[in-house]
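Me: Could you take a close look at one part of this model for me? I'd like to hear how the strands pair up, and then what goes on between the helices.

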Amino acid sequence: MNIQEKIVKARIDLQALNLKKTGKNQNISYYELGDFLPAVNQLAGKYEFYTKFKIVTDQGQEKAILTVSSLSDSKEREAYIIPTAEVSLPHGQAIQSLGAKITYL
């Protein structure tokens, strides 16, 4: 099974779990990492892939990259790249803003 097939199967399994959103903010609910990350980790084991997340600066622009790689062939991978955005917490420290950015990404 190639990496794209593994990702598709994991996505289908993840959807079937009907995960609950435990995060609450005013009138909206949202997924927190703890809502889905354990299931994603189990599916990664089941379908034999791993993920790597990093933030890089390329030609002056910051990007977040999530790479999904096959455990059986690390050269077989799929990368998802998105631009980042600045996070500014009104009363937070710089490290808290960084943590918020990583969590949202």
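Reply: Sure, and keep in mind that this is a predicted model. Let's start with strand 3 (residues 49–58), which pairs with strand 4 (residues 61–70) in the antiparallel sense, with ten bridges along the way. If you want a spot to zoom in on, try Val-56, which sits opposite Lys-63 of strand 4. The hairpin these strands make has two residues between them, and Gln-59 takes a positive phi there, near 55 degrees.

Strand 4 also pairs with strand 5 (residues 77–83), again antiparallel, through seven bridges. One place to see that pairing is Leu-66, whose bridge partner in strand 5 is Tyr-80. Strand 4 and strand 5 form a hairpin too, with six residues between them.

Now for the helices. Two packed helices are described by the angle between their axes and the distance between the axes. Here, helix 1 (residues 3–16) and helix 2 (residues 33–47) have axes that come within 10 Å and cross at roughly 140 degrees. Angles over 145 degrees would count as roughly antiparallel, so helix 1 and helix 2 are oblique to each other. The crossing of helix 1 past helix 2 is right-handed. On the helix 1 side, the contact is made by Lys-6, Lys-9, Ala-10, Asp-13 and Leu-14, while helix 2 brings in Ala-39, Val-40, Leu-43, Lys-46 and Tyr-47. Sorted by class, that contact has six nonpolar and four charged residues, with no polar ones.

Notes: Residues are numbered from 1 along each chain as its sequence is written. This is a predicted model: local features need pLDDT of at least 70, side-chain atom pairs count only at pLDDT 80 or more; totals for chains, interfaces and linings use all residues. Side-chain values use heavy atoms; hydrogens and water are left out. Axes are lines fitted to C-alpha atoms, for helices over the stretch in contact, and angles run from 0 to 180 degrees between N-to-C directions. Helices (H or I, at least four residues) and strands (E, at least two) are DSSP runs, numbered from the N terminus. Angles under 35 degrees count as roughly parallel, over 145 as roughly antiparallel, 65 to 115 as roughly perpendicular and the rest as oblique. A crossing is left-handed if the near helix is turned anticlockwise from the far one by less than a right angle, and right-handed if clockwise. Contact means heavy atoms within 4.5 Å. Ala, Val, Leu, Ile, Met, Phe, Trp, Tyr, Cys and Pro count as nonpolar, Asp, Glu, Lys and Arg as charged, and the others, Gly among them, as polar. Two strands pair if DSSP finds at least two bridges between them.
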